[in-house]
Amino acid sequence: MASMMQPQIILLKEGTDTSQGKAQLVSNINACMAVADVVRTTLGPRGMDKLIHDEKGNTTISNDGATIMKLLDIIHPAAKILVDIAKSQDSEVGDGTTTVVLLAGEFLKEAKPFIEEGVHPQNLIRSYRTASNMAIEKVKELAVSIEGKSLEEKKTLLAKCAATTLSSKLIGGEKEFFAPMVVDAVLSIGNDDRLNMIGIKKVPGGNMRDSFLVNGVAFKKTFSYAGFEQQPKKFVDPKILLLNIELELKSEKENAEIRLSDPAQYQSIVDAEWNIIYDKLDKCVKSGAKVVLSRLAIGDLATQYFADRDIFCAGRVAEEDLQRVAAATGGTVQTTVNNVIDEVLGSCELFEEKQVGNERFNIFSGCPSGKTATIVLRGGADQFIEESERSLHDAIMIVRRALKNSTVVPGGGAIDMEISRFLRHHARTIQGKSQLFINSYAKALEIIPRQLCDNAGFDATDVLNKLRQKHALPSGEGAPYGVDINTGGIADAFANFVWEPAVVKINAINAATEAACLILSVDETVKNPKSESAQGDAAASAMGGRGRGGGRGRGMRRR
């Protein structure tokens, strides 16, 4: 009997937690569905907002999927994948972050019964990948190009895309006001890909309609010394000098040791310091520049000197603002004031300092290269302006994408219903189990129109039945029909200008399918608490070791 007992094999450290098999997979699917449920209610024009309160006491109000996912601080390893796809959708396309999380959650929800019944996950993954490729081909086929239109027509079409994105945001009520503003901002930077060329400045106070677009650069007045008030605040066609040096007296004192035999010599050293700064200021004036901006401080002496000569100066200008001024005015940032030539000076049609709310703004407009724009946002509460900025960022990304890949598809769940119908139809022609899997993929796509209805308070089943009937028409005229949020019925999304760039949908379907397949392909999770705690102790002892030695290697708790 004893000889038959097998010796126990210990493979992993004691305390290691391993979970595998079907139960583990179902647990991962449940975690992802829980994450999808968090953002579910934020989809669409009638989506609700989430108020997230972090440990530092900051509150964020948002209905942007990516922002919510980032702030949730999810620790479940499988559910983190959904956070990553929301981030990638945000950086790649800018919008559709809620859609992508919802779709991934729904694909997994549809796969769950099959997994529980013992279907091998690889069969599901294979069918999902096939269905995904077919869906993307169908989106491309249904997409309508906006190429070859005149600039005015293009502007109108792009404004429609921006309005569709903005309608699901907090500032949806003002989409008619903001959409053209976003389009103008994107068109003004031309083919330049750098998004930081569009600045968004937030000024609390006033109402949203007080927001305005500057075709150039605007930034908050920087800290200024005495003498600033005597400087002119408005110039027409000024030359602009951009510097990255300090114009202060104290900056000339290097760590040098000087031995003097005669006290009178000390005066000559002081004079030399004054002469250096005066020489620098003189060179700035001689360059012919009327506006001098520097990334470093411009001291009181320099401010007064420039004021006496009718020159405007601002020190400690933020790096990104200085770069945007350089791009807009055609100037180059200088690190010395020696031989400043005309080529390095920028120019603009009008420079002025204006009061916006209770802030003063320096505004450069009518810039020659025109490769930059600034949106100055107004609004009541700080959180509200923050959310408006996030909403505008999404709209700007969407318009940029629509300009590059100039094809659009109908929104409002229309494209999802059409792909769903197409895949169901295709599934009937397949033999074997994959017919069921592709059918479940098609069913999962219906979550978008269903959720749009639920969030607006309509009867989802009723609306979906109408949509299915419309999309099933043999003539194909029902393809652009989606949910009508205002009436609770269905409407032609194309005719109502509910459009979104095709790239948003393609990216969302791709990312959601990839994430679902990745989670389905995991069958074991190994968690090694020993190594985790060892790392934690090492970090804590490193922190505690710097103390007085009485802390016994434990770091202070962070609040």
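Okay, let's start with Y128: this tyrosine is buried, with a relative accessible area of 0%. Keep in mind that we're looking at a predicted model.

So who sits next to Y128? Well, across the whole structure there are 14 aromatic pairs. In one of them, F107 and Y128 come together in a tilted arrangement, 5.9 Å centre to centre with 55° between the planes. F107 is in helix 4, residues 97–116, while Y128 is in helix 5, residues 121–142, so this pair ties together parts that are 21 residues apart in sequence. And F107 counts as buried too, because its relative accessibility is 0%.

Here's another pair for you: F312 and F351. Their ring centres are 4.8 Å apart and the planes sit at 55°, so this pair is tilted. F312 belongs to strand 11, residues 312–314, and F351 to strand 14, residues 350–356, so here the parts being tied together are 39 residues apart in sequence. Both F312 and F351 are buried. They also belong to a cluster: ring pairs link F219, F235, F312, F351 and F364.

Now, on to strand 9, which covers residues 239–243. How many of its 5 residues are buried? The count is 4, so you can call this strand mostly covered. Let's go through its partners. Strand 10, residues 291–294, runs parallel to strand 9, and 4 bridges join them; L241, for instance, has V292 as its bridge partner there. Strand 12, residues 333–334, is parallel to strand 9 as well, with 2 bridges, and in that strand V333 stands opposite L242. Then there's strand 13, residues 346–347, which pairs with strand 9 in the antiparallel sense over 2 bridges. Over there, K239 has S347 as its bridge partner.

What about empty space inside? Searching the whole structure for cavities of 30 Å³ or more turns up 1. The largest cavity holds about 50 Å³ of space. Among the residues lining it are F223, Y225, I298 and C313. By class, the lining has 6 nonpolar and 3 polar residues, and no charged ones.

Last stop: P204, in strand 5, residues 198–204. Is this proline buried or exposed? Somewhere in between: P204 counts as partly exposed, because its relative accessibility is 37%. Look at L377 as well, which is 173 residues away from P204 in sequence, yet 8.1 Å away in space, C-alpha to C-alpha. Leaving out residues up to four places away in sequence, P204 touches R378, G379, G380, D382 and I385.

Note on methods: Residues numbered from 1 in each chain as written. Predicted model: local features only at pLDDT ≥ 70, side-chain atom pairs only at ≥ 80, totals over all residues. Heavy atoms only, no water. Buried < 20%, exposed > 50% of the residue type's maximum accessible area, 1.4 Å probe, protein only. Pairing = 2+ DSSP bridges. 1 Å grid on protein atoms, 1.4 Å probe; cavity = no way out; pocket = protein on both sides within 12 Å on 5 of 7 lines; lining within 4 Å. Points joined across faces, edges and corners; volume = space filled by probe spheres on them. Nonpolar A, V, L, I, M, F, W, Y, C, P; charged D, E, K, R; others polar. Contact = heavy atoms within 4.5 Å. Phe/Tyr/Trp six-rings, centres within 6.5 Å; stacked < 30°, edge-to-face > 60°.
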